[in-house]
Amino acid sequence: MNAEESVDLEQLMFVDEPMDGDGPRVHPAWLPPEAFRSLGARRVLVHGEGLLVDTVLDEVSRACARYGGLVWHSPSWDVDVDLVFALRDAAELPNPAVEAARAAGEAGLVELADGETLGDEGFVLARAGDVTVVLADAPAGLLYGLFHVVRLCAAAFDPARPPEWHRPALRRRMLNHWDNVAVHPVMGQVERGYAGGSIFWRDGRSRGDLDRVREYARLLASCGVNAISVNNVNVARTEALLLTERLGDVAEIADVLRRYGIRVHLSVSFAAPVVLGGLSTADPLDENVRVWWAATTRRVYERIPDFGGYLVKADSEGQPGPFTYGRDHADGANLLAEALAPHGGVVHWRAFVYNHHQDWRDRSTDRARAAYDHFAPLDGRFRTNVVVQVKFGPVDFQTREPISPVLAAMPATRLAVELQVTQEYTGQQRHVCHLGPWWSEVLSFAPWGPGGRTIADVVTGEAAAGGGMVAVANVGDDPFWTGHPLAQANLYTFGRLAWDPRRDPTTILDEWITLTFPPSATADAELVRRTLHEIMDDSWRTYERYTAPLGVGFMVNPGDHYGPGVDGYEYTRWGTYHFADRDGVGVDRTRASGTGFTGQYPPYWAQVYESPESCPDELLLFFHHVPYGHVLHSGSTVIQHIYDTHFAGVEEVTAMRRRWQRLNGMIDPSVYERVAERLEEQVRCATEWRDQINTYFFRKSGVPDERGRDIY
Ligand code: GCV
């Protein structure tokens, strides 16, 4: 490829105007202009009114302006069209082809929906004659339909395409930003952020320029996300003010997000009545406290009528909570829920509550037990507008953990599962670690035993009244949004799984590849696709292989959580220990001789996890302390498994780096370079993990590698 061609390629991949004033150009992620080529070359009619209909119109107009198509807005055009976006209750048009298409959509709906409605966000896509139609009951449905057409490309216009209908399985599909308004002395602008600064806040203030937020909203809407909380769950003084004095900043963000069907939520401090209101207490049962929350919340809705609600981290890692007043978390959550209820708002109340001042000498306290011990007894006591938000695992977003038993223990509570898109423990967006397959395993886990209801069923709930899916976001003001360009796929995958938690993650990744690297903009689209799958499909398991073994978790460096620190947390107060000694490793969480955590599961898994014989290999050290010679189901001993997986992991990362080199000159050079540079770091870091873990366990156990490889 010569220099001129590479400029063309760059133009295809980047948006035209810088969105940050004079700042660096921003990568369009999975919505490059090229992805709109098929839509933009059509004659399109948009029929209906509303804010989100205007957004659809705007998107279609921009695409048509670029690719030579035409666009009309209702009501009275009698024109030849290829594509119609119409609200079902919009007036009839004097256009037989359009009306035939609408009739086909209606017929498709009757045939497919089986009596169900499209709801606020669903849509039907059908063909009649030469016309494709997208019908929806509400404007948001048209917006989601638009992005569906973008994903389908030419296939949306295939004459043989049968009708289809789509509706999100989950009502709320939410991202939590751990963004600080004021730079935190240790955590910086974004807690656990690996993609630069915040797109909302800088140095104590709102960034003001919201163009980038608008682009973000667009990306999120295109994969199905419909809610964001805009500040860290650790709420410090400046951030607390977003609820009152600085509400205007939040309202400005809400105005931008609204245009893409996304509601704003706010992390609030449980101590707000004291910190902001000057009261002497934040006791949830105190009448003045209730009045304060009601009045404050009313003011929020006066300013932001579609405000989503509050997100609360209470009695956790130093955040205030109801325990101070001798109350429990139902009392705390219900207080805020009561204030939000008249306005249709919801409280997301996190179950991440544990003692972070544990004594490592005390083996009876088990951090894994904490969420269940605090929350399961409260089942049935939460108001209906409370969602208890549960981290997917009992400890803390590890590369491998069992699924949190809380998700099976609160049938009378609305539960959301919380994932971590930001890669705190999975390579911090310096490593390729595609998390779709892991999340899919989480969502398809059947806590009551194989064949039973799954986590996806729990968070969907009866009549879609479950708590939904939430994830900690991974974007920042980095030109690639996510630091590592391939980490964009994690964000996209989260949105698509939240729309339909039963979807196959490999298909979702394929969708992301097609959008991000449009075949029409690539010399060898098949090579690009194949290479990305080869690098990404199994990358989470690769990451698992070269880091902490067999579910033991937390062998990271304390504080920043990057890179190996085998004993980094072993003698700390955080409750994350592996107990390795000369004879063996792992945490005994059995009922028979350990902390009893296995007993928090329904009978099927309580029994499976209780015995090292039936416990799945990948979770063995989470549940059991075993000798190094213990033989796994795989036939290998624990110690040999540690050596083998760590050598294999590094080989796999080296292969990733080699494969990526095939794409040099084939894709946007800036993406190529950024990924290439990060793969160098991944190889370095994986090698460090391998050597430290292998050496540590060799020194502890004295057992040599049966294949005689280098251990130091
Ligand atoms: C926002 C982990 C992280 C913290 C984070 C916490 C949480 O402990 O390391 O940075 O705090 O989880 O989920 O609240």
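Two strands are said to pair if DSSP finds at least two bridges between them. Helices (H or I, at least four residues) and strands (E, at least two) are themselves DSSP runs, numbered from the N terminus. In this predicted model, local features need pLDDT of at least 70 and side-chain atom pairs count only at pLDDT 80 or more, whereas totals for chains, interfaces and linings use all residues. Residues are numbered from 1 along each chain as its sequence is written, and side-chain values use heavy atoms, with hydrogens and water left out.

The overall dimensions come before the details. The secondary structure of the chain comprises 22 helices and 20 strands. Its C-alpha atoms fill a box of roughly 80 × 70 × 50 Å along the principal axes. For 712 residues, a compact globule would have a radius of gyration near 27 Å, and the 26 Å of the chain therefore agrees with that expectation. This radius is taken over C-alpha atoms, and the globule rule is 2.2 Å times the number of residues to the power 0.38.

One sheet is open: six strands follow the order β2-β1-β3-β5-β4-β6, with mixed pairing. Strands β2 (70-73) and β6 (164-166) stand at the edges with a single partner strand each, so one side of each has no neighbour in the sheet. From one strand to the next, the twist averages 15°; here and below, axes are lines fitted to C-alpha atoms, for helices over the stretch in contact, and angles run from 0 to 180 degrees between N-to-C directions. At the β6 edge, strand β4 (residues 123-128) runs antiparallel to β6 and is joined to it by three bridges, with Phe123 the bridge partner of His166 in β6. Helix α5 (residues 139-152) packs on this sheet, touching β3, β4, β5 (131-136) and β6, and its direction makes about 160° with that of β3. Contact here means heavy atoms within 4.5 Å. Helix α3 (residues 51-67) lies across β1 (43-47), β2 and β3 (83-87), at about 160° to β2.

A second assembly is closed. Eight strands form a barrel in the order β7-β12-β13-β14-β15-β16-β17-β18, with parallel pairing, and the twist averages 25° from one strand to the next. Strand β7 (residues 173-176) is joined to strand β18 (residues 468-472) by four bridges, the two running parallel; Leu175 has Ala471 in β18 as its bridge partner. Further round, β13 pairs with strand β14 (residues 309-312) in the parallel sense over three bridges, and Leu266 stands opposite Tyr310 in β14. Tyr310 also has a bridge partner in β15, namely Val347. Helix α8 (residues 247-258) lies across β12 (227-229) and β13 (263-267), running at about 150° to β13.

Helix packing completes the picture. Helix α13 (residues 436-444) and α15 have axes that come within 10 Å and cross at roughly 25°. That makes α13 roughly parallel to α15, a description that applies to angles under 35 degrees, while those over 145 count as roughly antiparallel, 65 to 115 as roughly perpendicular and the rest as oblique. Gly436, Trp439, Ser440 and Leu443 of α13 make this contact with Asn490, Thr493, Phe494 and Leu497 of α15.

Helix α15 (residues 488-499) also approaches helix α16 (residues 505-516), their axes coming within 10 Å and crossing at roughly 125°. The two helices α15 and α16 are therefore oblique to each other. Among the residues of α15 that meet α16 are Tyr492 and Arg496, and those on the α16 side include Trp512 and Leu515.
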